[in-house]
Every structure is written in C-alpha cells, then in structure tokens.
Amino acid sequence: MTDPTNQAAAGPATSDHPAQHSPADPDPGPAGATGSNVSRDSLELFTRSWQAYRHVVDLDLMEHRALTAALETLLLQRGGGAPLGWMADLGCGDLGLLAPILRRLPLAGLIGVDAAAAVLPLAAARMEGSPFPCQWVSADLLAWSEARRDQRVADPHAPGAEPLSLVSCLFALHHLDDAHKRRVLEALRPCLAADGCLLVADVFRADGEDRPTYIQRYLQRVASQWQELPAAERQLVGDHLSASDFPAEREAFRQLAAAAGWRSRWLWNGSHGAEALLLLEPSR
Ligand SMILES: C[S@@+](CC[C@H](N)C(=O)[O-])C[C@H]1O[C@@H](n2cnc3c(N)ncnc32)[C@H](O)[C@@H]1O
C-alpha cells in the first residue's frame, strides 16, 4: 500500500487524476467539517491494509460474487437504452467490484469519491482507457453529497451540477451513524435525475437487533467461517468492525430513505442476514 498520509477530507479535492488534498483544503481531522464520523481509525483497514479487504472480497467471504451479479443485472438494464448521464460511486475504494461493469455502461462520466486518498490511484488504474471521463475526489461522502446538492440548488445548469443518472454506495454507508446516513439520503435526493437511481450495498442489522449483538454475531462469523483469511487479517477485520461499523437496521433504513423521498426495494439479500443490496428511486 502507498503511504496513507492523506486519509480524510471534508471538502472535495477533485481531479481527472487521482486526487490528494489541496493545500487550500487541509485535512480536517477525525470529525471532519461536517461532523461525519469518518476517522483515521475507521479508514485504517482501507489504507494501511487495503490488501486485507481485497482478500475478503477475493475469497468471497461477504458474498461479493452474488452481489456483483445482482448489481450487474440492474446496471446493464439501466444502461441498455438511451445514453446515461453521470454516475457517482461513493466510497469507491479501488473499484474492484464495479470497474468491469461500469466500463460497459453508456455513461457521460464517472465520479469516484473516497475519503482514503490512497485508494484513488487504484480505482483510476482499473478505469484506465474507459470510454468516458472519470473524476477522482478525495472527500467525505456526506460532505461531497451536501456540496453537490448545494451546487444544484444554487444553479442546476452550472457545470458539475448536472443531475446524476446513477449513484452507488457499496459498503461505505455503514461507517456513518444513522443521523449522518439520513443526511446523505436527503442530500442525494435532489442530485438525481427523475429516472435516476441510488444503489446501496451494505451490511445491515436485523430488525430489532442492537449493535453489540450484531457485532458479536459478525465476530463469531469471522472466527468460525473465515479461516481461509490469515489470522492477522482476521484480527484486523475484527478490530475494524468493532470500532467502526454502525450498520442500520434494515427496515429503519428503508424508513429513513422514505422520509428523504426515496422508494426502495431489496434486490439481493446475502445468506448471513447482514449483506444486502437496496435499490432506491425518487418517490416524488
Ligand atoms: C469496504 S470499502 C468498500 C470499497 C468499494 N466500494 C467496494 O465495495 O469494493 C469502504 C470504502 O469506503 C471508504 N469510506 C469509508 N467512510 C467514508 C466516508 N465517510 N466518505 C468517503 N469514503 C468513505 C473507505 O475509504 C473505503 O474505501
């Protein structure tokens, strides 16, 4: 991994090339200007030890294969007709899951947003030679969503304020508490085209399950079923999820979304009662 000295940013640093913080946009520290709970600790797995997450994906321990198949079906359906506008992937990481699918979509362009600046060059490499332009933004996803919303409200015709055809957020929202998840859902709603959609793949708590019970359940799963992952990486994953994972309850999340102007339906549910994919479309 590259040295992750630039980990969390509240204000976007945008570039067609992988971004680092601009001098005018200093690292705001763990709380960030928006109060989002993106922190150096929570990003540790994705910067210093990105390789551990790649192993989890490659070993299919979180059922990324089935999830990707569901995502592919939906995205290719959306991309099967007229050309699409811009897409944003929030918490894009290295785009390992999405890059092969996105390349096949008739997008006007792609914006990859991640608080961990060190992963953006990996995402850029995966999209190298794509038929549409890509922008890489080192920013907190909540700060980026609210800034985009504000830009659209101020001048919907300004460059950079175009309605988005697609927004995806895969395994990133659970790092925010529910109040901040709600703000993301509220901010994104006016950013979408009327026929656009938001895809959220994430871990969720069962209805009525509290966070300690969920964390315990997931730790047991890691200990008993993730033996293929080296012990040091299992430890890292366990430490990370104990400290930094705040999954929403399934139905509570749909209610948050409904209040923010989205109708939603589950497109895929993993077999462990945690991972799931939700499709959200504007309801008004
Ligand atoms: C589990 S990885 C998922 C990466 C990718 N979406 C995937 O599914 O392979 C979570 C990603 O979200 C990013 N992330 C976490 N909290 C974030 C925040 N508040 N704003 C932006 N990115 C965030 C991390 O840096 C990391 O790259």
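Two residues are in contact when heavy atoms of theirs lie within 4.5 Å of each other. Residues are numbered from 1 along each chain as its sequence is written, and side-chain values use heavy atoms, with hydrogens and water left out. The model is a predicted one, in which local features need pLDDT of at least 70 and side-chain atom pairs count only at pLDDT 80 or more, whereas totals for chains, interfaces and linings use all residues.

**View 1. The protein as a whole, with its 10 helices and 8 strands.** Helices (H or I, at least four residues) and strands (E, at least two) are DSSP runs, numbered from the N terminus. Of the contacts with a separation of 6 or more, 72% join residues 24 or more positions apart. Among the 284 residues, 55% count as buried, a term that stands for under 20% relative accessible area (1.4 Å probe, protein chains only). The protein exposes about 11600 Å², of which carbon and sulfur atoms supply 53%; accessible areas come from the Shrake-Rupley method with a 1.4 Å probe, and for residues only the protein chains shown count as cover.

**View 2. The ligand and the 20 residues that surround it.** A residue belongs to this shell if one of its heavy atoms lies within 4 Å of the ligand, and the closest are Gly91, Asp114, Asp140, Leu141 and Leu170. By class, the shell has 15 nonpolar, 3 polar and 2 charged residues, where Ala, Val, Leu, Ile, Met, Phe, Trp, Tyr, Cys and Pro count as nonpolar, Asp, Glu, Lys and Arg as charged, and the others, Gly among them, as polar.

**View 3. Polar atoms of Asp114, Asp140 and Leu170 beside the ligand.** A polar side-chain atom of Asp114 lies 2.6 Å from an oxygen atom of the ligand, while a polar side-chain atom of Asp140 lies 2.8 Å from a ligand nitrogen atom. At Leu170 a backbone N or O atom takes part, 2.9 Å from a nitrogen atom of the ligand. Taken alone the ligand exposes 590 Å², and the protein buries 98% of that.

**View 4. Leu278 in strand 8, which spans residues 275-282.** Leu278 is buried, its relative accessible area being 0%. Leaving aside neighbours within four places in sequence, Leu278 is in contact with Leu198, Leu199, Val200, Phe253, Arg254, Ser264, Arg265 and Trp266. Phe253 stands 25 residues from Leu278 in sequence and 9.9 Å from Leu278 in space, C-alpha to C-alpha.

**View 5. The cysteines Cys134 and Cys169, both buried.** The relative accessibility is 11% for Cys134 and 3% for Cys169. The structure holds 0 disulfides, a disulfide being a pair of cysteine sulfur atoms within 2.5 Å.

Notes:
Polar contact = N/O pair within 3.5 Å; in protein donor to acceptor, adjacent residues only side chain to side chain. Buried < 20%, exposed > 50% of the residue type's maximum accessible area, 1.4 Å probe, protein only.
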